[in-house]
Amino acid sequence: MRYLPLSDSDRSQMLATIGAGSIDNLFVDVPQAARLSGLVEGLPLHASELSVERQLGAMARKNMVAGEGPFFLGCGSYRHHIPATVDHIIQRGEFLTSYTPYQPEIAQGTLQMMFEFQTQVARLFGCDIANASMYDGSTACWEAILMASRITRREKAILSSGLHPHYVSVCNTMAQFSDDALATTPPELSAEPDTERLIGKIDDETSAVVVQYPDILGRIFDLQPIADAAHAKGALLIAVVTEPVALGLIKSPGEMGADIVVGEGQSLGVGLQFGGPYVGLFACKERFVRQMPGRLAGETVDAEGKRGFVLTLSTREQHIRREKATSNICTSSVLCALAFSVHLSLLGEKGLRQLAALNHSHAATVAERLSRIPGVQLVNDSFFNEFTIKLPVEARPAVRTLAERGVLAGVSLGRLYPDAPQLENGLVLAVTETVTDEDIDALEAGLKEVCA
Amino acid sequence: MTVNPSGWRPSTPLSAESGGETVTGNRALMLEEPLLFEAGNSERTGVDFECAPAKAGAQSGSLPSQGHRLAGLARTDPIGLAGLSEPETVRHYTRLSRQNYAIDLGLFPLGSCTMKHNPRLNEKIARLPGFADVHPLQPADTVQGALELIWVLGEWLKTLTGMPAVAMSPKAGAHGELCGLLCIRAALEARGDAREVVLVPESAHGTNPATAAFAGYRVENIPATKAGRVDLEALKARLGPDVAAVMITNPNTCGLFEPQMIEISRAVHDAGALVYCDGANFNAIVGKVRPGDLGIDAMHINLHKTFSTPHGGGGPGSGPVVLSEALAPFAPLPFVEKRGGEFVLIEEENADEHHPGSFGRMVAFHGQMGMFTRALAYMMSHGADGLRQVAEDAVLNANYVLRELDDVLDAPFASTGPCMHEAIFSDRGFAEGLSTIDLAKALIDEGFHPMTMYFPLVVHGAMLIEPTETESKAALDQFIAAMRAIAGRAKSGDESLKSAPVYAPRRRLDETLAARKPVLVYRPAQTGE
């Protein structure tokens, strides 16, 4: 077997050294009743690289690949061009095959990268500090709600109707097992977000208001009034960003008073990958640092006075605090954080602003063209690179029909909100820099047909 | 001195003992690297956009004419991001990478972490466009191959563990623990028997008690015997109508199999509770024992340990959970079912029909697809025969290390028989003032990553060594020689161990300072040169 260096003579020599007659002597603690005498039944024997490539290649070819045709899906996962450098860097063995940097003297590469990532995320989100990543946006969102409960010592969070329904679902699931109560409703197909509703619901028991920005329908809105209303009642504002590229063009949640900003970092440096692994972003005001979940890299000096970095404030974490930890998270998403960080270093402020502008202008063009199709209505007044249209027909079958013609036209609200028939004609489209004029032509022609 | 791009250099000259000062702060191949924010600036970029965007776009770089769509929220203040050109980016991260130890460089015997070789075929498979470039919300009939891969991997995991069901979506080991406990909670509530306590051995990973608390349970410890195993009598004495579950790591964190596992499971079930098994150490028994035959109800499998997906400096991981018949109805959404020749994604909308008991959703999408592809490539490469050999070689390597070191280091459980995939030692016999950390740091100078230190807590100054099956005998012999020499120095009171490492990119770092005055993001004023 190509991954196993021991030869049979090594094995016998080593058994002799140990003083064991056979390998089974080393498994004596396993109860006889549970010890397998032969191979596990029902599995094939070992295979060559070539054979594995053939079998899994055949499986991969059964999927419709986003990059091979017109593609307009978003809703929490975005297709951007990833510079070749990103994949090269994350495949360097020193990053790929290293562990959580518990031995800082020989892990400065990962630690400095984490520190830089934390700085990038904090600045992008307009916050004081950020951690070194969470599993993904949805779990980061729930952790933010828990953190707000710890800070305010209250247990009622209000979720905006514009929060991704899968994020809502994750939070609702987890809230069953904590003391937290969550309040939310599905969105309305309207240009207006639910700012008024949210503000009206805040009371003295509210721990946090959770809003997505841009929201699930792609709408952009000022967070400051919500932040002010929350703060007036001693509650926090949590903002969720699922498309961080947007923040190259529009104000950050931190600039508008958000206390905790979390998000999904996939759209920078990380491919679609059918939903994972992604990278959860987590930033907040500095005074909340000791209530934060997740790993943190911090600056320090070594015994010679040279600058270096270490994992710090680990008294918040499970390996020290056990059942009193701020979270049970251990493994996070550092390699994806590296991909995010490399992509953002390549872009820089200038490139990110250009990329964001390009996305927005493409999206605006597509929105305008689609809204001229008879029967199609643009829902949004405002958007970044993603917007919602209302079709004259149910969107979900329309999406399937278009897929059969090779156009991945967007995410139907019927898929996201199967229990909300009032939303069934809604279609959310994301338009990034990867979309070509031909893609737009194909989308427009296809939509005209299904709407006719 | 403006030798590197930013002019940054380490603030303190090198000491004479380490060879004297250089102008740059570099030492030949050991190259110092400034922070991104010191090297880059807001003007530089390593990405080009179309010079003449087609009819769709406006001039790149200028604010688009459709600015009225931004709700008046254009970001006008500087963001504060630093950019680098492509060559500078490549150099920045390449230099940083060289300050990391990695499996690709050498033996990484971090106990409980299973730092085995990460096959490059896995990386190639994960990057096939049919897996890497597929959106999680595409219509199900456009992603049949992706759903098939998840289903096939699930079948492998069920077969290897002898368990009837699997939940694929958890993102990492601790997330898998949470999944298992939430299934247990849902199952108990479904029978109208909500319970409050989860029992966890003292030697458990910190994630176990943290997860139990996260799932709303009160945590109580169960003691270990002198032989490093769960104290069955103490466990039995504590079991009662308030205990929801017992979390057992098997093989346990001392690297020992729990020989009474079947009795433990029986006692737990007799008391109406369920058995959660922490599968972090599955590598020791894969292909040799099916945990299902030990009576467990749930076990997470760290694909990033046993099944070789890369650790990546701390993730991403992946933690599928196999489940017993008792827990299967409560598994989280979404999951994949095979119906005839079709793979169906079970989500909120179609769960009611077949899976009304599901406790809900743990993640936005379908789990760690990019880890699934890697793990399946690894499993198919090994097959049933190779996986059995994995466990045997992992256990053989660990016992070889145990035997070759137990005359120079205290091995608290060596007298009770062989270990499994990892060997544990204590710092008993070290000279006054020297401890495990000093041995570990000296190991760095010898070119090895240290073992897991001071864990589990039940062994004084624990050193937990897991070589894994992907180390050759020659690599083990070199490691053993280094360990023997350092152990000798520790016992004879060689004070120079206190200053190790000497040859690493950094000497020992001041962790107290980092925690007392946390500097978590770059701020120019605080790092003035």
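**Exercise 1. Two domains of chain A**

Task: State how many Å separate the centres of domain 1 of chain A and domain 2 of chain A, taken over C-alpha atoms, and describe the side of domain 1 that touches domain 2.

Solution: In this predicted model, the centres of domain 1 of chain A and domain 2 of chain A, taken over C-alpha atoms, are separated by 27 Å. The next step is to look at the contact, to which domain 1 of chain A brings 30 residues and domain 2 of chain A brings 26 residues. On the side of domain 1 that touches domain 2, at least two residues each come from α11 (334–371), β11 (386–390) and β13 (426–430) of chain A, and it is α11(A) that gives the most, with 7 residues. Sorted by class, the residues of this side of domain 1 are 15 nonpolar, 10 polar and 5 charged. As for the bounds, domain 1 of chain A is made of 68–81 + 349–451, while domain 2 covers 84–343.

**Exercise 2. A sheet in chain A**

Task: Give the strand order of the open sheet of 4 strands in chain A, and explain why β10 and β12 of chain A each have one side without a neighbour in the sheet.

Solution: The order in this open sheet is β10-β11-β13-β12 (chain A), and the pairing is antiparallel. Because β10 (377–378) and β12 (411–412) of chain A stand at the edges and have a single partner strand each, one side of each is left without a neighbour in the sheet. For β10(A), the antiparallel pairing with β11(A) extends over 2 bridges, and here A:Q377 lies opposite A:K390 in β11(A).

**Exercise 3. A hairpin in chain A**

Task: Work out whether the residues of strand β9 (residues 307–311) of chain A are buried or exposed, and then describe the hairpin of β8(A) and β9(A).

Solution: Strand β9 of chain A is mostly covered, with 5 of its 5 residues buried. In a regular strand, side chains alternate between the two faces of the sheet. In β9(A), accordingly, A:R307, A:F309 and A:L311 point one way while A:G308 and A:V310 point the other way, and all are buried. Strand β8 (residues 297–301) of chain A pairs with β9(A) in the antiparallel sense over 5 bridges, and A:T300 is found opposite A:G308. Between the strands of this hairpin there are 5 residues, and A:G305 takes a positive phi near 85°.

**Exercise 4. A covered strand in chain B**

Task: Identify which strands pair with β5 of chain B, and describe the crossover that leads to β5(B).

Solution: One partner is strand β4 (residues 243–249) of chain B, which pairs with β5(B) in the parallel sense over 5 bridges, and B:M247 has B:Y276 as its bridge partner in β5(B). From β4(B) the chain passes through helix α9 (residues 261–270) of chain B to β5(B), in a β-α-β crossover that is right-handed. Another partner is strand β6 (residues 298–300) of chain B, which runs parallel to β5(B) and is joined to it by 3 bridges; here B:C277 stands opposite B:M299. Both faces of β5(B) are covered, with B:L274, B:Y276 and B:D278 buried on one side and B:V275 and B:C277 buried on the other.

**Exercise 5. Where the chains touch**

Task: Find how many residues each chain gives to the contact between chain B and chain A.

Solution: Chain B gives 186 residues and chain A gives 171 residues. Helix α11 (residues 369–405) of chain B gives the most to the side of chain B that touches chain A, with 22 residues, and this side holds 96 nonpolar, 56 polar and 34 charged residues.

Key: Residues numbered from 1 in each chain as written. Chains lettered and ligands numbered in written order. Predicted model: local features only at pLDDT ≥ 70, side-chain atom pairs only at ≥ 80, totals over all residues. Domains from an automatic or database assignment. Contact = placed C-beta atoms within 7 Å. Nonpolar A, V, L, I, M, F, W, Y, C, P; charged D, E, K, R; others polar. Buried ≥ 20, exposed ≤ 12 C-beta atoms within 10 Å, placed from the backbone. Pairing = 2+ DSSP bridges. Right-handed = clockwise from strand over helix to strand, strands pointing away.
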